[in-house]
Amino acid sequence: MDLNAIKAAELLHHRSKGLAKGDPVSLPIVPAATFHLPEVAGASHIYGRNGMSTWEAVEAQLAILEAAEVVSFPSGMAAISAALMAVLKQGDRLIVPADGYYVTRVFSAGFLAPFGVDVVEMATRDYATADFSGAAVVYLETPSNPGLDVVDIADVVARAHAVGALVIADNTTMTPLLQRPLDLGCDLVVAADTKAPAGHSDVLFGHVAGRDAALMARVRDWRRLSGAVPGPFEAWQVHRGLETLELRLERMCGSAAVIAERLQAVIGVSAVRYPWLAGDASEAVARRQMGSGGFLIGFQMADAARAERFLSECPYVVQSTSFGGTHSSGERRARWGDAVAEGFIRLSVGIEPVEVLWAAMAEALRD
Ligand SMILES: *Cc1c(COP(=O)(O)O)cnc(C)c1O
(Lines give C-alpha, C1' and ligand atoms only; values in the text may rest on other atoms or scores of the structure.)
Protein backbone atom coordinates (compact mmCIF):
# COMPACT_ATOMS: atom_id res chain seq x y z
CA MET A 1 0.00 0.00 0.00
CA ASP A 2 1.03 3.59 -0.67
CA LEU A 3 3.13 4.78 2.28
CA ASN A 4 1.75 8.33 2.07
CA ALA A 5 -1.81 7.03 2.25
CA ILE A 6 -0.99 5.10 5.41
CA LYS A 7 0.71 8.15 6.93
CA ALA A 8 -2.26 10.37 6.07
CA ALA A 9 -4.62 7.98 7.86
CA GLU A 10 -2.29 7.57 10.84
CA LEU A 11 -1.98 11.33 11.15
CA LEU A 12 -5.77 11.69 11.34
CA HIS A 13 -6.04 9.06 14.08
CA HIS A 14 -2.87 9.71 16.06
CA ARG A 15 -4.85 10.68 19.19
CA SER A 16 -7.59 8.06 18.88
CA LYS A 17 -5.89 5.36 20.94
CA GLY A 18 -5.37 7.72 23.88
CA LEU A 19 -9.00 8.88 24.11
CA ALA A 20 -10.99 8.05 27.25
CA LYS A 21 -14.77 7.88 27.27
CA GLY A 22 -16.14 11.43 27.02
CA ASP A 23 -12.90 13.06 25.82
CA PRO A 24 -13.19 15.59 22.98
CA VAL A 25 -12.33 14.04 19.61
CA SER A 26 -10.73 17.31 18.52
CA LEU A 27 -7.44 18.45 20.06
CA PRO A 28 -7.91 20.53 23.24
CA ILE A 29 -6.02 23.84 23.36
CA VAL A 30 -4.06 23.97 26.60
CA PRO A 31 -2.88 27.53 27.22
CA ALA A 32 -0.68 26.83 30.23
CA ALA A 33 2.53 28.57 31.25
CA THR A 34 2.80 26.61 34.49
CA PHE A 35 1.79 23.12 35.56
CA HIS A 36 0.94 21.61 38.95
CA LEU A 37 4.37 20.65 40.26
CA PRO A 38 4.46 19.41 43.84
CA GLU A 39 7.68 17.67 42.87
CA VAL A 40 9.71 17.74 39.66
CA ALA A 41 10.47 14.03 39.27
CA GLY A 42 7.95 12.25 37.08
CA ALA A 43 6.03 15.37 35.98
CA SER A 44 4.80 15.15 32.36
CA HIS A 45 4.99 18.94 32.07
CA ILE A 46 7.03 21.44 34.05
CA TYR A 47 6.89 24.89 32.51
CA GLY A 48 5.51 26.19 29.21
CA ARG A 49 8.91 26.93 27.66
CA ASN A 50 10.01 23.30 28.18
CA GLY A 51 6.98 21.74 26.53
CA MET A 52 3.20 21.78 26.36
CA SER A 53 0.64 19.31 25.13
CA THR A 54 -0.77 21.33 22.21
CA TRP A 55 2.58 21.53 20.40
CA GLU A 56 3.39 17.98 21.30
CA ALA A 57 0.27 16.91 19.36
CA VAL A 58 1.52 18.74 16.24
CA GLU A 59 4.95 17.19 16.70
CA ALA A 60 3.29 13.77 16.87
CA GLN A 61 1.55 14.42 13.54
CA LEU A 62 4.75 15.67 11.90
CA ALA A 63 6.74 12.77 13.35
CA ILE A 64 4.43 10.40 11.47
CA LEU A 65 5.07 12.25 8.21
CA GLU A 66 8.83 12.63 8.76
CA ALA A 67 9.36 9.20 10.36
CA ALA A 68 11.69 11.11 12.69
CA GLU A 69 11.86 13.12 15.87
CA VAL A 70 10.33 16.59 15.43
CA VAL A 71 10.81 19.83 17.35
CA SER A 72 8.29 22.56 16.52
CA PHE A 73 8.91 26.31 16.35
CA PRO A 74 6.83 29.49 16.09
CA SER A 75 7.89 30.11 12.46
CA GLY A 76 9.92 28.59 9.67
CA MET A 77 12.77 31.00 10.37
CA ALA A 78 12.75 30.09 14.07
CA ALA A 79 13.23 26.46 12.99
CA ILE A 80 15.95 27.32 10.46
CA SER A 81 17.90 29.53 12.86
CA ALA A 82 17.58 26.85 15.56
CA ALA A 83 19.01 24.15 13.30
CA LEU A 84 21.93 26.40 12.28
CA MET A 85 22.64 27.53 15.84
CA ALA A 86 22.51 23.92 17.03
CA VAL A 87 25.21 22.68 14.68
CA LEU A 88 27.54 25.60 13.84
CA LYS A 89 30.42 27.04 15.81
CA GLN A 90 33.05 29.72 15.29
CA GLY A 91 35.32 29.02 12.33
CA ASP A 92 32.90 26.68 10.58
CA ARG A 93 32.00 27.09 6.92
CA LEU A 94 28.32 27.12 5.98
CA ILE A 95 27.18 26.76 2.36
CA VAL A 96 23.76 28.29 1.65
CA PRO A 97 21.88 28.51 -1.65
CA ALA A 98 22.24 31.88 -3.39
CA ASP A 99 18.78 31.31 -4.91
CA GLY A 100 17.07 29.88 -1.82
CA TYR A 101 14.73 31.51 0.67
CA TYR A 102 16.41 34.92 1.06
CA VAL A 103 15.82 35.38 4.80
CA THR A 104 18.06 32.36 5.49
CA ARG A 105 20.88 34.16 3.66
CA VAL A 106 20.20 37.46 5.43
CA PHE A 107 20.19 35.67 8.81
CA SER A 108 23.43 33.85 8.00
CA ALA A 109 25.21 36.99 6.79
CA GLY A 110 23.85 39.24 9.52
CA PHE A 111 24.10 37.01 12.59
CA LEU A 112 26.23 33.91 11.89
CA ALA A 113 29.04 35.65 9.99
CA PRO A 114 29.73 38.17 12.81
CA PHE A 115 30.15 35.17 15.17
CA GLY A 116 32.89 33.82 12.93
CA VAL A 117 30.99 31.48 10.61
CA ASP A 118 32.30 31.59 7.04
CA VAL A 119 29.08 31.90 5.01
CA VAL A 120 29.43 30.89 1.34
CA GLU A 121 26.56 31.38 -1.12
CA MET A 122 26.22 28.97 -4.02
CA ALA A 123 23.61 28.66 -6.79
CA THR A 124 21.45 25.56 -6.31
CA ARG A 125 22.40 24.19 -9.72
CA ASP A 126 26.10 24.39 -8.75
CA TYR A 127 25.50 22.04 -5.79
CA ALA A 128 25.53 19.25 -8.41
CA THR A 129 29.23 19.74 -9.15
CA ALA A 130 30.60 21.65 -6.15
CA ASP A 131 33.52 20.50 -4.03
CA PHE A 132 32.26 20.74 -0.45
CA SER A 133 35.71 20.30 1.15
CA GLY A 134 36.13 22.55 4.16
CA ALA A 135 32.39 22.93 4.77
CA ALA A 136 30.89 22.04 8.16
CA VAL A 137 27.31 22.37 6.95
CA VAL A 138 25.84 22.14 3.46
CA TYR A 139 22.37 23.69 3.52
CA LEU A 140 20.17 22.98 0.52
CA GLU A 141 16.71 23.85 -0.69
CA THR A 142 15.14 21.91 -3.55
CA PRO A 143 13.19 22.85 -5.55
CA SER A 144 14.78 26.23 -4.88
CA ASN A 145 12.56 29.19 -4.18
CA PRO A 146 11.61 30.97 -6.41
CA GLY A 147 13.61 29.60 -9.38
CA LEU A 148 12.52 25.95 -8.87
CA ASP A 149 15.92 24.49 -9.70
CA VAL A 150 16.23 20.95 -8.39
CA VAL A 151 19.33 19.26 -7.03
CA ASP A 152 19.87 15.53 -6.45
CA ILE A 153 19.70 15.30 -2.65
CA ALA A 154 21.28 11.84 -2.30
CA ASP A 155 24.20 12.93 -4.46
CA VAL A 156 24.78 16.14 -2.46
CA VAL A 157 24.59 14.11 0.78
CA ALA A 158 27.13 11.56 -0.46
CA ARG A 159 29.64 14.24 -1.44
CA ALA A 160 29.05 16.35 1.69
CA HIS A 161 29.34 13.37 4.06
CA ALA A 162 32.52 12.25 2.27
CA VAL A 163 34.22 15.47 3.41
CA GLY A 164 32.67 15.41 6.88
CA ALA A 165 29.94 18.02 6.39
CA LEU A 166 26.41 17.79 7.79
CA VAL A 167 23.51 18.36 5.40
CA ILE A 168 20.42 20.39 6.30
CA ALA A 169 17.52 20.51 3.83
CA ASP A 170 14.79 23.15 3.72
CA ASN A 171 11.84 21.02 2.58
CA THR A 172 9.21 23.77 2.68
CA THR A 173 8.29 23.72 -1.00
CA MET A 174 7.60 19.97 -0.95
CA THR A 175 6.48 18.96 2.58
CA PRO A 176 7.34 15.49 3.94
CA LEU A 177 4.49 13.98 1.89
CA LEU A 178 6.16 14.86 -1.42
CA GLN A 179 9.88 14.63 -0.62
CA ARG A 180 11.81 12.87 2.14
CA PRO A 181 15.29 14.37 2.57
CA LEU A 182 15.95 12.31 5.73
CA ASP A 183 15.44 9.07 3.75
CA LEU A 184 17.98 10.45 1.25
CA GLY A 185 20.56 10.90 4.01
CA CYS A 186 20.12 14.50 5.17
CA ASP A 187 21.00 15.04 8.82
CA LEU A 188 18.25 17.57 9.53
CA VAL A 189 15.16 18.80 7.75
CA VAL A 190 13.81 22.30 8.38
CA ALA A 191 10.48 23.57 7.11
CA ALA A 192 8.02 26.44 7.27
CA ASP A 193 4.68 24.87 8.22
CA THR A 194 3.32 28.37 7.64
CA LYS A 195 2.95 27.26 4.02
CA ALA A 196 1.12 24.14 2.83
CA PRO A 197 1.09 22.17 6.13
CA ALA A 198 -0.96 24.79 8.03
CA GLY A 199 -2.34 25.76 4.64
CA HIS A 200 -4.81 28.55 5.38
CA SER A 201 -2.51 31.61 5.44
CA ASP A 202 -3.51 32.39 9.01
CA VAL A 203 -0.59 31.19 11.16
CA LEU A 204 3.21 30.99 11.22
CA PHE A 205 4.87 27.75 12.34
CA GLY A 206 7.93 25.66 11.62
CA HIS A 207 9.74 22.49 12.57
CA VAL A 208 13.08 20.70 12.60
CA ALA A 209 13.12 16.94 12.01
CA GLY A 210 15.99 14.50 12.42
CA ARG A 211 16.92 10.92 13.29
CA ASP A 212 20.11 11.64 15.24
CA ALA A 213 19.14 11.89 18.91
CA ALA A 214 22.17 14.00 19.87
CA LEU A 215 21.55 16.57 17.11
CA MET A 216 17.86 16.75 17.98
CA ALA A 217 18.70 17.24 21.65
CA ARG A 218 20.76 20.30 20.65
CA VAL A 219 17.82 21.65 18.64
CA ARG A 220 15.47 21.04 21.57
CA ASP A 221 17.90 22.78 23.95
CA TRP A 222 18.08 25.74 21.59
CA ARG A 223 14.31 26.12 21.73
CA ARG A 224 14.17 25.91 25.51
CA LEU A 225 17.14 28.23 26.08
CA SER A 226 16.45 30.82 23.37
CA GLY A 227 12.74 30.78 24.20
CA ALA A 228 11.60 30.44 20.57
CA VAL A 229 8.51 28.42 21.54
CA PRO A 230 5.23 28.08 19.63
CA GLY A 231 1.99 29.24 21.22
CA PRO A 232 -0.77 26.73 21.98
CA PHE A 233 -3.37 28.50 19.83
CA GLU A 234 -1.06 28.54 16.80
CA ALA A 235 -0.19 24.90 17.37
CA TRP A 236 -3.90 24.06 17.39
CA GLN A 237 -4.39 25.83 14.02
CA VAL A 238 -1.50 23.87 12.52
CA HIS A 239 -2.88 20.62 13.95
CA ARG A 240 -6.17 21.25 12.18
CA GLY A 241 -4.45 22.27 8.95
CA LEU A 242 -2.29 19.15 8.88
CA GLU A 243 -5.40 16.93 8.95
CA THR A 244 -6.20 18.00 5.36
CA LEU A 245 -2.65 18.35 4.01
CA GLU A 246 -2.72 15.19 1.93
CA LEU A 247 -6.14 16.04 0.50
CA ARG A 248 -5.16 19.62 -0.35
CA LEU A 249 -1.85 18.61 -1.91
CA GLU A 250 -3.58 16.16 -4.20
CA ARG A 251 -5.79 18.93 -5.62
CA MET A 252 -3.06 21.59 -5.66
CA CYS A 253 -0.39 19.46 -7.35
CA GLY A 254 -2.86 17.97 -9.83
CA SER A 255 -4.04 21.43 -10.82
CA ALA A 256 -0.49 22.80 -11.01
CA ALA A 257 0.53 20.05 -13.46
CA VAL A 258 -2.42 20.91 -15.71
CA ILE A 259 -1.79 24.65 -15.52
CA ALA A 260 1.97 24.40 -16.12
CA GLU A 261 1.32 22.34 -19.25
CA ARG A 262 -1.24 24.84 -20.59
CA LEU A 263 0.87 27.91 -19.70
CA GLN A 264 3.51 26.74 -22.16
CA ALA A 265 1.08 27.28 -25.03
CA VAL A 266 0.04 30.81 -24.04
CA ILE A 267 1.35 33.61 -26.25
CA GLY A 268 3.22 36.14 -24.11
CA VAL A 269 4.25 33.55 -21.51
CA SER A 270 7.78 32.15 -21.54
CA ALA A 271 10.25 30.21 -19.41
CA VAL A 272 7.62 28.10 -17.64
CA ARG A 273 9.28 26.22 -14.78
CA TYR A 274 7.58 23.26 -13.15
CA PRO A 275 9.84 20.44 -12.01
CA TRP A 276 7.79 17.60 -13.52
CA LEU A 277 7.10 19.36 -16.83
CA ALA A 278 8.32 17.40 -19.86
CA GLY A 279 11.57 18.98 -20.96
CA ASP A 280 12.12 20.98 -17.75
CA ALA A 281 15.83 21.20 -16.87
CA SER A 282 15.00 19.50 -13.56
CA GLU A 283 12.65 16.83 -14.88
CA ALA A 284 14.83 13.71 -14.52
CA VAL A 285 15.97 14.36 -10.94
CA ALA A 286 12.59 15.77 -9.94
CA ARG A 287 10.72 12.66 -11.09
CA ARG A 288 13.17 10.48 -9.20
CA GLN A 289 13.17 12.24 -5.85
CA MET A 290 9.82 14.05 -5.63
CA GLY A 291 6.39 12.46 -5.15
CA SER A 292 4.84 15.02 -7.49
CA GLY A 293 5.80 18.20 -9.31
CA GLY A 294 4.47 20.28 -6.42
CA PHE A 295 2.10 23.24 -6.48
CA LEU A 296 4.53 26.04 -7.43
CA ILE A 297 5.01 27.25 -11.00
CA GLY A 298 7.41 29.90 -12.28
CA PHE A 299 6.81 31.73 -15.55
CA GLN A 300 7.69 34.98 -17.28
CA MET A 301 5.64 37.64 -18.96
CA ALA A 302 7.07 40.38 -21.20
CA ASP A 303 7.84 42.89 -18.45
CA ALA A 304 6.91 44.07 -14.97
CA ALA A 305 3.82 45.97 -16.16
CA ARG A 306 2.35 43.00 -18.04
CA ALA A 307 2.99 40.67 -15.11
CA GLU A 308 1.38 43.12 -12.68
CA ARG A 309 -1.63 43.42 -15.01
CA PHE A 310 -2.12 39.63 -15.00
CA LEU A 311 -1.92 39.56 -11.20
CA SER A 312 -4.38 42.40 -10.72
CA GLU A 313 -6.85 41.14 -13.34
CA CYS A 314 -7.06 37.47 -12.40
CA PRO A 315 -9.83 37.18 -9.77
CA TYR A 316 -8.69 33.80 -8.45
CA VAL A 317 -5.01 34.64 -7.91
CA VAL A 318 -4.58 36.66 -4.74
CA GLN A 319 -1.61 39.03 -4.79
CA SER A 320 0.49 38.10 -1.80
CA THR A 321 3.88 36.83 -0.90
CA SER A 322 4.16 33.32 0.51
CA PHE A 323 2.56 30.18 -0.92
CA GLY A 324 0.87 26.89 -0.12
CA GLY A 325 -2.51 28.34 0.91
CA THR A 326 -5.99 27.14 -0.06
CA HIS A 327 -6.33 30.10 -2.46
CA SER A 328 -4.04 30.44 -5.46
CA SER A 329 -1.59 33.28 -5.01
CA GLY A 330 1.09 34.94 -7.07
CA GLU A 331 3.63 37.67 -7.07
CA ARG A 332 6.38 39.22 -9.13
CA ARG A 333 9.49 38.10 -7.31
CA ALA A 334 11.75 40.83 -8.75
CA ARG A 335 10.00 43.25 -6.41
CA TRP A 336 12.00 41.59 -3.60
CA GLY A 337 15.27 41.78 -5.53
CA ASP A 338 15.36 38.04 -6.38
CA ALA A 339 17.68 37.30 -9.31
CA VAL A 340 14.83 36.74 -11.76
CA ALA A 341 13.45 38.63 -14.79
CA GLU A 342 11.22 41.65 -14.08
CA GLY A 343 8.23 39.83 -15.55
CA PHE A 344 8.80 36.58 -13.57
CA ILE A 345 5.81 35.39 -11.56
CA ARG A 346 5.81 32.71 -8.89
CA LEU A 347 2.39 31.13 -8.83
CA SER A 348 1.16 28.99 -5.95
CA VAL A 349 -1.75 26.89 -7.10
CA GLY A 350 -4.54 26.54 -4.53
CA ILE A 351 -7.56 24.28 -4.20
CA GLU A 352 -9.92 26.10 -6.58
CA PRO A 353 -11.49 23.66 -9.07
CA VAL A 354 -8.92 23.67 -11.86
CA GLU A 355 -11.11 24.50 -14.85
CA VAL A 356 -12.59 27.54 -13.12
CA LEU A 357 -9.12 28.69 -12.08
CA TRP A 358 -7.68 28.12 -15.55
CA ALA A 359 -10.52 29.95 -17.29
CA ALA A 360 -9.88 33.01 -15.10
CA MET A 361 -6.12 32.81 -15.66
CA ALA A 362 -6.47 32.39 -19.42
CA GLU A 363 -8.67 35.49 -19.56
CA ALA A 364 -6.15 37.60 -17.62
CA LEU A 365 -3.26 36.27 -19.72
CA ARG A 366 -4.95 37.28 -22.99
CA ASP A 367 -3.50 40.42 -24.58
C1 LIG B 1 8.45 30.90 4.07
C2 LIG B 1 9.71 30.14 4.02
C3 LIG B 1 10.56 30.09 5.13
C4 LIG B 1 10.31 30.89 6.39
O5 LIG B 1 9.11 30.59 7.04
P6 LIG B 1 8.43 31.62 8.06
O7 LIG B 1 7.35 30.82 8.70
O8 LIG B 1 7.93 32.77 7.23
O9 LIG B 1 9.46 32.08 9.03
C10 LIG B 1 11.70 29.32 5.02
N11 LIG B 1 12.01 28.64 3.92
C12 LIG B 1 11.21 28.66 2.82
C13 LIG B 1 11.60 27.89 1.62
C14 LIG B 1 10.05 29.42 2.84
O15 LIG B 1 9.30 29.46 1.76
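**Salt bridges and a buried arginine**

Glu308 and Arg332 pair up through their side chains in a salt bridge, with an N to O distance of 2.7 Å. The two ends come from distant parts of the chain, 24 residues apart: Glu308 belongs to helix α10 (residues 304–313), and Arg332 to strand β11 (residues 329–332). Glu308 is partly exposed at a relative accessible area of 28%, whereas Arg332, at 10%, counts as buried. All of this comes from a predicted model.

Helix α10 also hosts a pairing of its own. Glu313 and Arg309 both sit in that helix, four residues apart, or about one turn, and they form a salt bridge whose closest N and O atoms are 3.6 Å apart. Here both partners are partly exposed, Glu313 at 41% relative accessibility and Arg309 at 32%. Elsewhere, shared partners tie Glu331, Arg333, Arg335, Asp338 and Arg346 into one salt-bridge network.

Asp280 and Arg273 make another salt bridge, 3.0 Å from N to O, and in this case both residues are buried. Altogether, the structure holds 25 salt bridges.

Then there is Arg223, which sits in helix α6 (residues 213–226). Its relative accessibility is just 1%, and because the cut-off for buried is under 20%, Arg223 counts as buried. Leaving aside residues up to four places away in sequence, Arg223 touches Asn50, Trp55, Glu59, Val71, Ser72 and Phe73, along with Ala228, Val229 and Pro230. The C-alpha atoms of Arg223 and Ala82 are separated by 7.0 Å, with their positions 141 residues apart along the chain.

Key: Residues numbered from 1 in each chain as written. Predicted model: local features only at pLDDT ≥ 70, side-chain atom pairs only at ≥ 80, totals over all residues. Heavy atoms only, no water. Buried < 20%, exposed > 50% of the residue type's maximum accessible area, 1.4 Å probe, protein only. Contact = heavy atoms within 4.5 Å. Salt bridge = Lys/Arg side-chain N within 4 Å of Asp/Glu carboxyl O.
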